[in-house]
Amino acid sequence: MQSRGVRRILPALAVAACAIFVFAIYSTRHVRAEEPPFFAIKGARIVPVSGPPIANGTIVISKGVIQSVGANVSIPPEARVIDGTGMTIYPGLIDAGTDVGLGAPVVVAGAAGGRGGGGGGGRGTAAPGVLNSRGPEDRPATTPWDFAADMLKSDDARIATWRGGGFTTGLVLPRNGFFPGQGAIVDFGEGDRPENMVVRTGAALPITLNGGRGDFTGFPSSLMGQISYVRQVFIDAQWFAEAQKAYEAQPKGNQRPTYDRTDAVIAHALANKELVLWPGNTEIDIMRALKFAPTIGARWALTGAQEGYAIPNEIAAAKVPVLINVNWPVAGQAGGGGGGGGGRGGGGDQGDPLRTLRFRDRAPSTPAKLNTAGVKFAFASEGTGTPKEILRNVAKSIAAGLPADAALRALTLGAAEILGVADRIGSIEPGKIANLVVTDGDIFADATNVKWIFVDGKMYAPPAVVEAPAGGGRGGRGGAGGVDLTGTWTLTYSVQGATQESTAALTMSADGNITGTISSQMGTVPVSSGRMNGSQFTISISIPANGDTMNVTMSGTVNGNTMSGSMSVMGQTLDFTGRRPGGSGDEVGSGYEVRQ
């Protein structure tokens with residue numbers, strides 16, 4: 001039975017015009033209002049990674065967490081049951097090195113780091129537009145205090161693309177500079193609050209070596225100068241930590257240490273055993289990394305490693321995990337696919353040196369060689385264009401001898417173990433975050449399609465890739481994958497057993513952004529943010545209710561002049577359908593209601 005508070009709030013929420021329902025909020029917290037619906041996927045082949053596959057199993061999800069998994073699992077009566085017959089369920093894939101979520105790259109002419117100068121404590125700062133570094137005290141291109149978690153842009157269109165390809169999580173790394181900032185482990189969900197995407201901040205401290213490419217006027221202008229600078233920063237940070245500790249123990253009569261922002265931040269990262277990412281892509285770079293990286297006194301991982309096929313035993317002997325760049329070198333691509341510290345493989349199709357041709361041919365065999373040597377590794381996209389390309393490149397490694405189960409582990413549990421989050425993601429186990437990808441076949445088969453994705457227990461459909469018809473017109477907006485949401489839609493849904501309708505007047509721009517209003521007989525609210533990717537859309541609105549504001553997210557799929565999807569508010573979900581004049585309106589939603 002509902003309280004008077006709930007009955008008072010429900011009409012107010014109808015003003016939102018898509019008539020979002022809310023159960024017991026404010027004064028009725030004791031009601032099951034904040035519990036999200038259960039999901040149950042049954043009859044599917046389940047690949048937990050942490051254990052053997054389950055031929056015909058069921059997964060139950062509640063509150064964003066896997067509640068149970070197995071061949072004989074009880075399904076709560078209030079669950080939305082999804083028929084998984086013929087489907088395979090994998091843990092959500094993890095991209096162990098990406099900038100997805102940071103928006104489009106910003107290129108600063110002549111600046112590797114975009115920000116020279118001041119590491120704190122009176123360090124000098126270069127003049128605007130000029131990186132004139134006189135020595136390590138200038139702290140060139142060094143901003144370890146920047147956090148990827150603070151830079152996230154929830155409207156980065158690549159988030160939906162990566163999610164639609166089965167990647168639910170990424171190690172998102174800041175760009176540019178010797179110490180560009182600290183990476184974050186991010187779940188690729190949706191919404192207008194980037195902070196809701198963060199699984200762990202301060203997850204990794206990447207180092208970039210620019211190889212003496214003339215990014216600075218002055219120190220460090222050579223590769224060895226850059227390596228020396230990086231080592232010196234770590235030595236300074238260790239000295240700062242020791243000096244600060246000694247001074248705090250006995251301040252009287254002793255000179256206080258000078259504060260240095262770079263030293264303080266890196267010392268904190270070292271004390272917290274944050275993973276330091278040291279680049280090394282070619283054989284020479286890797287051997288250099290194996291020599292120098294252990295001297296910094298940090299827990300570290302090698303990144304790039306495309307020529308690791310040449311020295312797998314040396315890497316294994318170092319007992320260092322590797323984040324392999326799967327952006328394999330191809331003809332005509334400068335830098336050998338990114339490389340993380342000096343790749344090879346550029347040039348055209350003709351006239352390339354034998355060494356370059358060999359590197360290009362053998363790079364995909366690196367994962368197999370490292371796997372045989374017993375090296376722990378994960379895969380990083382490092383600029384690879386699409387999730388499909390990532391999986392195709394991993395498939396090349398499988399063709400080169402990497403067992404498919406080892407490849408899957410590197411994209412899931414193996415990555416989670418290296419990044420220190422295997423207690424919450426990476427495998428299908430009770431208690432872990434419900435990050436799942438449901439496919440209609442083997443995940444590495446090119447013909448396989450992703451059917452559904454779950455991120456933090458929320459269900460998504462992959463964005464469709466639709467060719468824009470010639471000549472434009474409806475469906476001809478390239479920025480949205482060819483589907484146009486513009487028009488007046490009638491939305492139908494059920495609130496507490498009563499069917500209701502609202503009107504959505506929407507306009508979509510060429511780049512896929514959605515604006516407009518959603519109205520009912522009780523009022524109108526504007527769309528605060530909206531985005532179209534392929535045939536999948538997300539719309540956010542804010543509802544005034546009893547002097548407060550609640551955020552509501554609508555997500556769904558458009559098929560011609562009909563749509564279907566779900567609305568989410570305060571942890572609750574409600575299905576809806578929609579039709580635009582000219583559509584049949586016969587399509588129906590999934591037909592479930594959240595029960596009180």
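In this predicted model, the buried residues of helix H4 are Gly225, Gln226, Ile227, Tyr229, Val230, Val233, Phe234, Asp236, Ala237, Phe240 and Ala243. The elements that cover these buried residues include strand S9 (198-206), helix H5 (261-271), strand S10 (275-280) and helix H6 (283-292). The length of H4 agrees with expectation, because 27 residues at 1.5 Å a residue should span 39 Å, and the C-alpha atoms at its ends are 40 Å apart.

Helix H4 also leads into the interior of the protein. The largest nonpolar core has 78 residues, and those with the most contacts inside it are Phe179, Val230, Phe234, Trp278, Ile315, Val322 and Phe379. Helix H4 (residues 223-249) supplies the largest share of this core, with seven residues. Apart from this core lies another one, of 24 residues, which has Val483, Val527, Met563 and Phe576 among its members. The surroundings of Phe379 can be listed in full: leaving aside residues up to four places away in sequence, Phe379 touches Ile94, Asp95, Ala96, Ile324, Val326, Pro367, Val394, Leu402, Ala407, Ala410 and Leu411.

For the protein as a whole, there are twelve helices and 24 strands, and buried residues make up 53% of the 596 residues. Among contacts with a separation of 6 or more, 61% join residues that are 24 or more positions apart. The accessible surface comes to about 24,900 Å², and carbon and sulfur atoms account for 51% of that area.

One piece of local strand architecture can be described in detail. Strand S2 (residues 54-62) pairs with strand S3 (residues 65-70) in the antiparallel sense, over five bridges, and within this pairing Val60 of the hairpin stands opposite Ser68 in S3. The two strands form a hairpin with two residues between them, and Lys63, which lies in the turn, has a positive phi of about 55 degrees.

Side chains of opposite charge can pair when their charged atoms come close. The count of salt bridges in this model comes to 13, and three of the pairs are set out below with their N to O distances.

| Salt bridge | N to O distance | Relative accessibility of each residue |
|---|---|---|
| Arg409 and Glu417 | 2.8 Å | Arg409 32%, Glu417 36% |
| Lys432 and Glu429 | 3.1 Å | Lys432 6%, Glu429 28% |
| Glu501 and Arg579 | 3.8 Å | Glu501 47%, Arg579 33% |

In the pair of Arg409 and Glu417, Arg409 is partly exposed, and Glu417 is likewise counted as partly exposed. In the pair of Lys432 and Glu429, Lys432 counts as buried because its relative accessibility is 6%, under the 20% cut-off for that class, whereas Glu429 is partly exposed. The pair of Glu501 and Arg579 joins two strands: Glu501 lies in strand S18 (residues 498-508) and Arg579 in strand S24 (residues 572-579), so the salt bridge ties together parts that are 78 residues apart in sequence. Here Glu501 is partly exposed, and Arg579 is partly exposed as well. Salt bridges also occur as a linked group, since Asp99, Asp156, Arg158 and Arg175 are connected in a network of them.

Methods
Residues numbered from 1 in each chain as written. Predicted model: local features only at pLDDT ≥ 70, side-chain atom pairs only at ≥ 80, totals over all residues. Heavy atoms only, no water. Core = buried A, V, L, I, M, F, W, Y, C linked by side-chain atoms within 4.5 Å. Buried < 20%, exposed > 50% of the residue type's maximum accessible area, 1.4 Å probe, protein only. Helix = DSSP H or I, 4+ residues; strand = E, 2+ residues; numbered from the N terminus. Contact = heavy atoms within 4.5 Å. Expected span 1.5 Å × (residues − 1). Areas by Shrake-Rupley, 256 points an atom, 1.4 Å probe, with all protein chains shown as cover. Pairing = 2+ DSSP bridges. Salt bridge = Lys/Arg side-chain N within 4 Å of Asp/Glu carboxyl O.
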